[in-house]
Amino acid sequence: MTHQVRAVVARGKGAPVSLETIIVPDPGPGEALVKVEACGVCHTDLHYREGGIDDDFPFLLGHEAAGVVEAVGEGVTDVAPGDFVILNWRAVCGNCRACLRGRPWYCFNTHNAKQKMTLLDGTELSPALGIGAFAEKTLVAAGQCTKVDPAASAAAVGLLGCGVMAGLGAAINTGNVGRGDTVAVIGCGGVGDAAVVGSSLAGASRIIAVDIDDNKLETAKKLGATHTVNSRNADAVEAIRELTGGFGADVVIEAVGRPETYQQAFYARDLAGTVVLVGVPTPEMKLELPLLDVFGRGGALKSSWYGDCLPSRDFPMLVDLYLQGRLDLDAFVTETIALDEVEKAFERMHGGDVLRSVVVF
């Protein structure tokens, strides 16, 4: 059996997305069919549309989603029809060298559905991050479904599927922010603001938000930043040092993904401090640092992949915090939109006044 559903498709590099009818097969072994309830519009989807990931068009966009399992294939035991789930793009294999060493959050062989969703003419679709959730229904590997409390808002907790988890995890998992630490976050979009929230949850004593947009800095302050720096008007490194007794922050999280801001992060940390790169650079970007400074400043230079999260561990815990009122995921939902408004949401990204537009079905 197959299902005909509406979905957002990117057919060519830079071309506007289109709303089309696609074919979704019933789940095979190890797969799950999910009725999507909400899906955030992430910058990664825009990267796919612009050909910044690869050129395997047409793409079925959308990956930051939550919904209800409608059917499962043979051998699936972790989720069942009726389960409310957050979709993730780290379905750990359990057998690769990272998993066998007890580090499944680095899994190098994550699972995706083996069957392909297609256009009406049979053209195979490439689902964004192996998910493709700008669709009324999507087919994923069962391991990409993490069961959580159904009392949660799909629009809010679906954001844990990518951007918000990336920021929270950059602070909590990768940066190991601890009680009393000083933290600076450079770049206060959705991911950077989530890093602010994660640092606050971890008990940081001082959280310095850095951006060039006063509106973004004001939002960061509402989400837990104790201090803000507009780096258009002040030297970010000097400002961070001034706010940390002249030493620099224990953890600096770079959520922009540019050489200039990474260099700021490198010099804004204390000796033996940690830099976490969670902003995604483009292939042509280069970084030049004096090797003596890399040696002399010590500490750790880390990259954060998906917030180094383990969905089965992190998603239920964070959803519980959300339902207890201790994690305000609703604050990240700037607007809810219809499926045919994704292209407009891409345009709004450039204005800098949106944390997340969320498609609600």
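**Reading a helix and a sheet**

Mentor: Welcome! Keep in mind that this is a predicted model. Let's begin with helix H5, whose buried residues pack against helix H4 (163-174), strand S11 (182-186), strand S12 (206-211), helix H6 (214-222) and strand S14 (249-254).

Trainee: How many residues of H5 are buried?

Mentor: A general idea helps here: an α-helix has 3.6 residues a turn, so residues three or four places apart point the same way. In this case, 9 of the 12 residues of H5 are buried, so the helix is largely enclosed by the rest of the structure. Among them are Gly190, Gly192, Asp193 and Ser199.

Trainee: What distance does H5 reach from its first C-alpha to its last?

Mentor: H5 covers residues 190-201 and reaches 16 Å, close to the 16 Å expected at 1.5 Å a residue. Just after H5, look at Gly203, which has a positive phi of about 95°.

Trainee: Now the sheet. Is the pairing of its strands parallel or antiparallel?

Mentor: In general, strands of a sheet pair through backbone hydrogen bonds, either parallel or antiparallel. Here the pairing is parallel, and 6 strands form an open sheet in the order S13-S12-S11-S14-S15-S16. Strand S13 (227-230) and strand S16 (300-303) are the edge strands, each pairing on one side only. On average, neighbouring strands are turned by 15° against each other, direction ignored.

Trainee: How many bridges join S11 to S12?

Mentor: There are 5 bridges between these parallel strands. For one contact to inspect, Ile186 has Val210 in S12 as its bridge partner.

Trainee: Which strands does helix H8 touch?

Mentor: H8 (residues 259-267) packs on the sheet and touches S11, S14, strand S15 (269-277) and S16. The direction of H8 makes about 150° with that of S15.

Terms used: Residues numbered from 1 in each chain as written. Predicted model: local features only at pLDDT ≥ 70, side-chain atom pairs only at ≥ 80, totals over all residues. Heavy atoms only, no water. Helix = DSSP H or I, 4+ residues; strand = E, 2+ residues; numbered from the N terminus. Expected span 1.5 Å × (residues − 1). Buried < 20%, exposed > 50% of the residue type's maximum accessible area, 1.4 Å probe, protein only. Contact = heavy atoms within 4.5 Å. Pairing = 2+ DSSP bridges. Axes fitted to C-alpha atoms, helices over the stretch in contact; angles between N-to-C directions.
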